[in-house]
Amino acid sequence: MIPFLDLRPAYAELKEGIDAAMLRVAASGWYVLGAEVAAFEQEFAAYCEAKHCIGLGNGLEALELVLRAWDIGAGDEVIVPSSTYIATWLAVSATGARPVPVEPDLRTANLDPELVAAAITPRTRAILPVHLYGQPADMDPIMELAQRHDLKVLEDVAQAQGARYKGRRTGTLAHAGAFSFFPTKNIGALGDAGAVTTDDDRLADRLRTLRNYGSKVKYVNIEPGVNSRLDELQAAILRVKLPALDVWNDRRRALAARYLERLPGIPGIEAPHVPQWADPVWHLFTVRCRDRARVTAALDAAKIGWLIHYPIPPHLQQAYESLGIKRGALPLAERIADSILSLPIGPHMLGAHVDAVIDVLRQAASPSS
Ligand SMILES: *Cc1c(COP(=O)(O)O)cnc(C)c1O
């Protein structure tokens, strides 16, 4: 039995530190926007090699608040990947702006910069690339386009904490980066949490106001803000986990390398492509299958966990019916949804488990042998 991802070993490895952090916060008598959040913000900014980090309630609100801080709203367009978790789109619609989907490069599943250029209109205000599955998107051509058309660029870094693009950390490659610390992410809280990284002093200041009812000074509200604060308990837990992030990402890299070494030659299974400038952190290890139903049946029979990220692309969700984007309109996103398969990976999975998964894939590909 190999679970898709078990979060308990992560807690077990750091139990002493996490327990102490939780008790420290409980005893402090101060639970929202205090010393733990301030310390985590400094430590995470340093880790990301960014000037500022602003702790927020979750990843969706981190994305949304940056767009709002840029005064993006009704009548505006924001370019998003056609193949992503729906949160990327929801952040745009929450501001009143329209998500404009652009198809990916099929080999990496990330935004294709050439197609981004074709989607820019006079209403376009921002581009929202996602570093999907932990693999950095090709940011240089996107930033060039943005500069030429005077657009903002927000990275969705929910799946790529610690990844690098041409040596630079994700979250510092654009005007801002939005992070989620949902429990299953590469660094996860024991609940919901999120953050934004940026080098922009004004944006950082605006986000600190927006997250706290539009208030900088208690009971003085300068704009209609929201309540989206990282809490002290989650910040204290994230501070214990942050020093483990690179170690855990290295373990993911070793497992991914093992998959990548053994996958070639298995018919009907396409391994992920890693461009030479990318240093991914393997939030997910995804393959594309010719006959996915057969592969998942074999994994089920062997009691090996798997998931599909994601089975329905945002444009085909009922939630986005009103956009009127028909099936067939975004064929690459649909092809990914129909063929993608996530295999088990995580900081506490064993190399031998990769070999067991590979054996099942090989048998499923040629059942007679
Ligand atoms: C997890 C995730 C989010 C949303 O994060 P939450 O903290 O769950 O709100 C946004 N974008 C992507 C790509 C994600 O994987």
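**Entry 1: Glu36**

I started with Glu36, which sits in helix α3. The model I am reading is a predicted one. Is Glu36 buried or exposed? Glu36 is buried, and its relative accessible area is 8%. I then looked for what its side chain meets. I found a polar contact between the side chains of Glu36 and Arg24, at 2.7 Å. I listed the contacts of Glu36 too, leaving aside neighbours within four places in sequence. They are Arg24, Val25, Glu232, Ala235, Ala236 and Arg239.

**Entry 2: Glu43 and Arg239**

Next I counted salt bridges, and the total came to 24. I picked out the one between Glu43 and Arg239, whose side chains meet at 2.8 Å, N to O. Which parts does this pair tie together? Glu43 belongs to helix α3 (residues 35-48) and Arg239 to helix α9 (residues 232-262), so the bridge ties parts that are 196 residues apart in sequence. I checked exposure at both ends. Glu43 is partly exposed at 29% relative accessibility. Arg239 is partly exposed as well, with a relative accessible area of 26%.

**Entry 3: Glu223 and Arg206**

I moved on to a salt bridge between Glu223 and Arg206, at 2.8 Å from N to O. The two ends lie in distant parts of the chain, 17 residues apart. Glu223 is in the loop between β11 (220-221) and α9, while Arg206 is in helix α8 (residues 201-210). Exposure came next. Glu223 has a relative accessible area of 18%. The cut-off for buried is under 20%, so Glu223 counts as buried. Arg206, at 23% relative accessibility, counts as partly exposed.

**Entry 4: Asp279 and Arg253**

I then read off the salt bridge of Asp279 with Arg253, where the closest N and O atoms are 2.9 Å apart. This pair also links distant parts of the chain, 26 residues apart. Asp279 is in strand β13 (residues 278-279) and Arg253 is in helix α9. Asp279 is partly exposed at 29% relative accessibility. Arg253 is partly exposed, with a relative accessible area of 22%.

I also looked for bridges that share partners. Which residues do they join into one network? The members are Arg24, Glu36, Glu43 and Arg239. That brings me back to Glu36, the buried residue of my opening entry.

**Entry 5: Arg292**

I turned to Arg292, in helix α10 (residues 292-301). Arg292 is buried yet has no salt bridge. How far away is the nearest side chain of opposite charge? That side chain belongs to Asp338, and the distance is 5.0 Å. A salt bridge needs the nitrogen within 4 Å of a carboxyl oxygen. I looked at backbone oxygens instead. The side chain of Arg292 reaches the backbone oxygen of Ala337 at 2.9 Å. A polar atom of the Arg292 side chain also lies 3.4 Å from the backbone oxygen of Asp338. I wrote down what Arg292 touches, not counting residues up to four places away in sequence. The list is Ile308, Ile336, Ala337, Asp338, Ser339, Ile340 and Leu341.

**Entry 6: Helix α11**

Ala337 and Ser339 led me to helix α11 (residues 331-339), where both are buried. Which other residues of α11 are buried? I noted Ala333, Glu334 and Ile336. An α-helix has 3.6 residues a turn, so residues three or four places apart point the same way. I then asked what covers the buried residues of α11. The cover includes β14, α10 and β15 (340-343).

**Entry 7: Cavities**

I searched for enclosed space and found three cavities of 30 Å³ or more. The largest has a volume of about 170 Å³. Its lining is made by 16 residues. Nearest its centre are Arg107, Thr108, Pro272, His273 and Thr286. Which element gives the largest share of that lining? Strand β14 (residues 285-289) does, with three residues.

**Entry 8: The largest pocket**

Last, I looked at the largest pocket, which holds about 620 Å³ of space. It is lined by 32 residues. Tyr85, Phe182, Thr184, Lys185 and Tyr310 are the closest to its centre. I checked which elements give two or more residues to this lining. They are α4 (59-69), α5 (86-94) and β8 (176-180).

How values were computed
Residues numbered from 1 in each chain as written. Predicted model: local features only at pLDDT ≥ 70, side-chain atom pairs only at ≥ 80, totals over all residues. Heavy atoms only, no water. Helix = DSSP H or I, 4+ residues; strand = E, 2+ residues; numbered from the N terminus. Buried < 20%, exposed > 50% of the residue type's maximum accessible area, 1.4 Å probe, protein only. Lys, Arg positive; Asp, Glu negative; His and termini not counted. Polar contact = N/O pair within 3.5 Å; in protein donor to acceptor, adjacent residues only side chain to side chain. Contact = heavy atoms within 4.5 Å. 1 Å grid on protein atoms, 1.4 Å probe; cavity = no way out; pocket = protein on both sides within 12 Å on 5 of 7 lines; lining within 4 Å. Points joined across faces, edges and corners; volume = space filled by probe spheres on them.
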